Amino acid sequence: MFFLFRTMELRKDPITRSWVITGDDPGDAAPNLQASCRFCETAHQVIASSPDTPGIAWSARSVVHPKPLYRIEGEPGRRGDGLYDRMYSVGAHEVLVENRNHDRHLWNASDDEIGHFLRLGAERILDLKRDPRIKYVSLFKDYGKNAGQEFSHPTSQLTATMFVPRRVLYELRAGREYFVSKERCVFCDIIQQEERQAERVIEAKGDYLALGPFAPRVPYETWILPRNHEASFERTGLNKPGLRTNLAALLRGTLQRIRSVTEDFHLVLHTSPSTIHPSKNLGYWKTIDEDYHWHIEILPVIHSKARSYTFKEVYYSPVTSETAVRQLREAKIEG
Ligand SMILES: [Zn+2]
Ligand SMILES: [Zn+2]
Ligand SMILES: [Zn+2]
């Protein structure tokens, strides 16, 4: 019985050392975003709500993904097959319902509502990281039909995995190398230089900064970072009051700016991996608190400017960050 549900497995590319998730999914038709909304109705399998106060209706909540790519039960069963590695896709896959109202998105909700969503995200990441099998928790949002949006209700998603996703792994390794040679955090150095040059800063609000990265992967790529060093979003999120106000307002304004260019975007939170079980042979695990710095990456999808990245694996952005930032700064925002 147990194995009947295991339609997906993880395989590791022995050359790039990236894990991929694969399986023969019978597939569905494209998601029907016009159908009646499962998240407006009484949702099943609610995991957590925010605010978690008796008598107060929920503002944001987390539910099990209706078609999870990762499942919490069972063992990963990591095993070799000659030179290859494979394991079952054990982990967690949740939908974070950002708002109880169908039309309140991260770009038009109140500070409080966005704050509740951010707090819920932080709580879920902390909770999942208590599971010793979990190495990393990703929080992400795909919005718009060119970005793979799944549900019409305002939602983000969260996956907890037994491996660190490739891009985060690159960042951890690079952060560690930079720290070894300079004894400083590369993200803190980027923030300092960007604030000094003021060419690619979109907006600063309290302890948080939105900027266009020096080498963007796509036009109008935007990062949001805390200005002071902090490796883990979930620790900041639960302890700093500025998250409710400044980060919420900066996120709302930034998404409004991006929406002046395109509706479709990917958003991902990069935070430190779980440090419950520091690896003995992976060097970067020892200094994460000093050399990693959490941030949110927003990658707008602009159909007319898209070039196939898939095979060349060289990013091409026909708009420089300086031009993009000038345009985003001037965009009209409300609230
Ligand atoms: Zn809905
Ligand atoms: Zn830093
Ligand atoms: Zn990142």
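**Entry 1: C40 and the first zinc ion**

I looked up C40 and found that it counts as partly exposed because its relative accessibility is 44%, where buried means under 20% relative accessible area, exposed over 50% and partly exposed in between, with a 1.4 Å probe and protein chains only. I note here that this is a predicted model, in which local features need pLDDT of at least 70 and side-chain atom pairs count only at pLDDT 80 or more, while totals for chains, interfaces and linings use all residues. I also note that residues are numbered from 1 along each chain as its sequence is written, that chains are lettered from A and ligands numbered from 1 in the order in which they are written, and that side-chain values use heavy atoms, with hydrogens and water left out.

I then asked which atoms coordinate the zinc ion (ligand 1). They are C37 (SG), C40 (SG), H102 (ND1) and H153 (ND1), at 2.0 to 2.3 Å; donors are N, O and S atoms within 2.8 Å of the metal (3.2 Å for Na, K and Ca), and sites may look incomplete, as water is not among the atoms. The angles among the four donor atoms run from 104 to 117°, and the site is tetrahedral, a label that four donors earn if all angles lie between 85 and 135 degrees. Along the chain, the donors of the zinc ion (ligand 1) follow the spacing C-x2-C-x61-H-x50-H. Two of these donors link distant parts of the chain, with H102 in the loop between β7 and α1 (111–129) and H153, 51 residues apart from it, in the loop between β8 (136–143) and β9 (155–161); helices (H or I, at least four residues) and strands (E, at least two) are DSSP runs, numbered from the N terminus.

Are these two histidines buried or exposed? H102 counts as partly exposed, because its relative accessibility is 32%, whereas H153 counts as buried at 2%.

**Entry 2: the second zinc ion**

I turned to the zinc ion (ligand 2), whose protein donors are C185 (SG), C188 (SG), H229 (ND1) and H293 (ND1), lying 2.1 to 2.3 Å from it. This site is tetrahedral, with angles of 106 to 113° among its four donor atoms. In sequence, the donor residues are spaced C-x2-C-x40-H-x63-H. C188 lies in helix α3 (residues 186–197) and H229 in the loop between β12 and α4 (233–239), so this pair ties together parts that are 41 residues apart in sequence. For accessibility I wrote down that C185 is buried, with a relative accessible area of 5%, and that H229 is partly exposed, with 30%.

With cysteines at both sites, I also looked for disulfides (pairs of cysteine sulfur atoms within 2.5 Å), and a search of the whole structure finds zero of them.

**Entry 3: V95 and H65**

V95 is found in strand β7 (residues 92–97), and it counts as buried because its relative accessibility is 0%. I listed its contacts, meaning heavy atoms within 4.5 Å; not counting residues up to four places away in sequence, V95 touches F39, R61, S62, V63, H65, P66, F151, T155 and S156. The C-alpha atoms of V95 and L158 are separated by 6.4 Å, although the two residues are 63 residues apart along the chain.

From that list I followed H65, which lies in the loop between β4 (60–64) and β5 and is also buried, at 2% relative accessibility. Leaving aside neighbours within four places in sequence, H65 is in contact with H93, E94, V95, E150, F151 and Q157.

**Entry 4: strands and their partners**

What is the strand order in the open sheet of four strands? The order is β2-β1-β6-β5, with antiparallel pairing, and two strands pair if DSSP finds at least two bridges between them. Its edge strands are β2 (19–22) and β5 (79–81), each of which pairs on one side only. Strand β1 (residues 9–12) and β2 pair over four bridges, and E9 stands opposite T22 in β2.

Last, I looked at strand β14 (residues 295–300), where six of the six residues are buried, so the strand is largely enclosed by the rest of the structure. H295, E297 and L299 point one way from β14, and I296, I298 and P300 the other way. Strand β12 (residues 222–226) and β14 pair in the antiparallel sense over three bridges, with W223 opposite E297. Strand β13 (residues 265–270) and β14 pair in the antiparallel sense over six bridges, with F265 opposite P300.

Technical notes:
Tetrahedral: all angles 85-135°; square planar, octahedral: opposite > 155°, others 65-115°.
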